[in-house]
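Please read the points below alongside the model, since each of them is meant to be checked against the coordinates.

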Amino acid sequence: MYEKYDVIIAGCGVAGLYAALRFDESVNVLMVSKRDRELSNSSLAQGGVAAVLSFDNDSFDLHYEDTLIAGGRKNNPEAVKVLVSEGPDDVRKIMTMGVDFDKDENGNPMKTLEGGHCRRRIVHHKDKTGYEIVIKLLEQVKKRKNITLRENIMITSAQRVAGGFRVDMIVDGEKHEAAYSSYLLLATGGIGRVYRYTTNSAIATGDGIRIAYELGARIKNLSYVQFHPTAFNSPEGREQFLISEAVRGEGAFLLNCNGERFMDKYDKRLELAPRDVVSRSIILESRRTGSNNFYLDITHKSKEFLMNRFPTIYARCLEEGVDISKDYIPVFPCQHYLMGGIDVDLNGRTTIPRLYAAGECSHTGVHGGNRLASNSLLEALVWGRRSADDIMRCINAGFSKVQGGGIDPDFSGAPLPHGMRTEIRSIMQRAYFVIPNPRAVHEGLKRIEAILRRLKSGNFAVTPAYCECLSLATVAAIILREVDEG
């Protein structure tokens, strides 16, 4: 006998957690986390949340315009209006739930500046804002009797059945289960692991996007990939440590291999230009100088200030032998965020009835071609809430509950060949990193499509490794197809 739920939420980042807390206690909710419930891209978000909380020298119009400028005006204007006007109330709401933003001597939230913002409007909890929000929302979720939260659940696929969905899962890496839900909310995060180097957590393999794609949902602008200009330059590990944009917001200078500031050659906004501009500038400067050695210099700030404002960054850099109070920080661009994804409307609805998406896996149109710094957590809050509220409206209007049915998947087969995921990452790193390589894109697409055909042949056992590889190949194929077609 399979369990039936009103709503299944895939993902335990900010979007999923905040959505879960919007449901009435009469609504039976299952939340599943691919690994540990605290492991998500949300937890790694350092800088803060961009929101206009006061109008003394800021406005919704200014935040709106900054978002459009950063996004190359490829944004959905209506979505941006929703983000900047509704987001501040969501920030205030999570503060009532215990989220502790840094405060000044008067008890007001402190605000920092990041690239692309014309005002200080980013509230933060030191340099681990995302983790603070996740932990506090998790505490609230644990108090709700109507929410079942399960860890180490890999969703392999979803099927449309009468009244909703059948969701097939692998539990603890080996046990197969299925559950039914009337509504399915995908909040599975990003796609960073499709690249060799990324700031994303290990779970960011695009599973939600692949599941939505298999269900027939529209995927839009998946090639809108953001490369953060200042990841710690350590080629040893796949997951790169982010040096938050807030470091530049607090006055850090970007230096080339000769120890020279160079952003004046590329943009009048210097180090505080939007991320895509700074990343491209670094790549162009690397070609000019023939070196990939770049640095951030924040040594003109006191050690006390740096340890208090950026304790995580300070400690992590120290582990790498860099004391940021007196040493330059080695940095280089790295895959960071996805602006495209599962296409949704202003209420988080996909093109498939009863299927919703929120957070980084979704495409709301808010970010356009490049996300403005610290708009990501705000988007997660706004669309997590809007998705849940829309589902609640449907439930309150009277809805047919899921009936069951569907086909039992075949999980048998051969193990996944070694090196397939590594090959996908190498192709993506070579073909589409900051500035696309047209020839490598075209050749890489043909190879990715061959890998995808092999994965779908039915010869492989459906394991977590297989599912992640299938997700990576699916995502890579969509991205390269978009780029190749221009």
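The numbered points that follow go from the overall dimensions to sheets, cores and single residues.

1. Overall dimensions. The model is a predicted one, and its secondary structure comes to 14 helices and 17 strands. For 486 residues a compact globule would have a radius of gyration near 23 Å, and the protein, with 22 Å, agrees with that expectation. Along the principal axes, the C-alpha atoms fill a box of roughly 65 × 55 × 40 Å.

2. Burial and contacts. Of the 486 residues in the protein, 60% are buried, while the area that the protein exposes is about 18800 Å², with carbon and sulfur atoms supplying 47% of it. If one takes the contacts between residues at least 6 apart in sequence, 74% of them join residues at least 24 apart.

3. The four-stranded sheet. An open sheet is formed by 4 strands in the order β11-β14-β13-β12, and the pairing is antiparallel. Strands β11 (225-232) and β12 stand at the edges with a single partner strand each, so that one side of each is left without a neighbour in the sheet. On average, and with direction ignored, neighbouring strands of this sheet are turned by 45° against each other.

4. Register within that sheet. Strand β12 (residues 253-255) pairs with strand β13 (residues 294-297) in the antiparallel sense over 3 bridges, and here phenylalanine 253 has aspartate 297 of β13 as its bridge partner. The pairing of β13 with strand β14 (residues 329-338) is likewise antiparallel and runs over 3 bridges; in this pairing phenylalanine 294 stands opposite valine 331 in β14, and tyrosine 295 stands opposite proline 330 in β14. As background for reading these positions, in a regular strand the side chains alternate between the two faces of the sheet.

5. The largest nonpolar core. Which residues touch the most other members of the largest nonpolar core? They are Ile243, Ile329 and Leu455, in a core of 94 residues. Helix α14 (residues 464-485) gives the most to this core, with 12 residues. A second, separate core has 56 residues, including Val82, Leu83, Val91 and Leu138.

6. The surroundings of isoleucine 243. Leaving aside its neighbours within four places in sequence, isoleucine 243 is in contact with Gln46, His228, Thr230, Ala231, Phe232, Leu296, Ile313, Cys317, Ile329 and Val331. Among these contacts is Val331, the residue of β14 that stands opposite phenylalanine 294, so a reader following the sheet of point 3 may find isoleucine 243 a convenient place to begin.7. The hairpin of β7 and β8. Strand β7 (residues 153-161) has 8 of its 9 residues buried, so this strand is largely enclosed by the rest of the structure. With strand β8 (residues 164-171), β7 runs antiparallel, joined through 8 bridges, and in this pairing glutamine 159 stands opposite arginine 166 in β8. The two strands form a hairpin with 2 residues between them, and glycine 163 in the turn has a positive phi of about 80°.

8. The three-stranded sheet. Another open sheet has 3 strands in the order β3-β5-β4, with antiparallel pairing. Its edge strands, β3 (49-50) and β4 (111-112), each pair on one side only. Between β3 and strand β5 (residues 122-123) there are 2 bridges, the strands running antiparallel, and the bridge partner of alanine 50 in β5 is isoleucine 122.

9. Helix α6. In helix α6 (residues 207-215), 7 of the 9 residues are buried, so the helix is largely enclosed by the rest of the structure. The buried residues of α6 are Asp207, Gly208, Ile209, Arg210, Ile211, Ala212 and Leu215. Just after α6, glycine 216 takes a positive phi of about 100°.

10. Leucine 21. Is leucine 21, which lies in the loop between α1 (14-20) and β2 (29-32), buried or exposed? With a relative accessible area of 7%, leucine 21 is buried, because the cut-off for that class is under 20%. Not counting residues up to four places away in sequence, leucine 21 touches Met97, Leu137, Gln140, Val141 and Arg144. One of these, glutamine 140, is 119 residues from leucine 21 in sequence, yet the two are 7.6 Å apart in space, C-alpha to C-alpha.

How values were computed: Residues are numbered from 1 along each chain as its sequence is written. This is a predicted model: local features need pLDDT of at least 70, side-chain atom pairs count only at pLDDT 80 or more; totals for chains, interfaces and linings use all residues. Side-chain values use heavy atoms; hydrogens and water are left out. Two strands pair if DSSP finds at least two bridges between them. Buried means under 20% relative accessible area, exposed over 50%, partly exposed in between (1.4 Å probe, protein chains only). A nonpolar core is a set of buried Ala, Val, Leu, Ile, Met, Phe, Trp, Tyr and Cys residues joined through side-chain atoms within 4.5 Å. Contact means heavy atoms within 4.5 Å. The radius of gyration is taken over C-alpha atoms; the globule rule is 2.2 Å times the number of residues to the power 0.38. Accessible areas come from the Shrake-Rupley method with a 1.4 Å probe; for residues, only the protein chains shown count as cover. Axes are lines fitted to C-alpha atoms, for helices over the stretch in contact, and angles run from 0 to 180 degrees between N-to-C directions.
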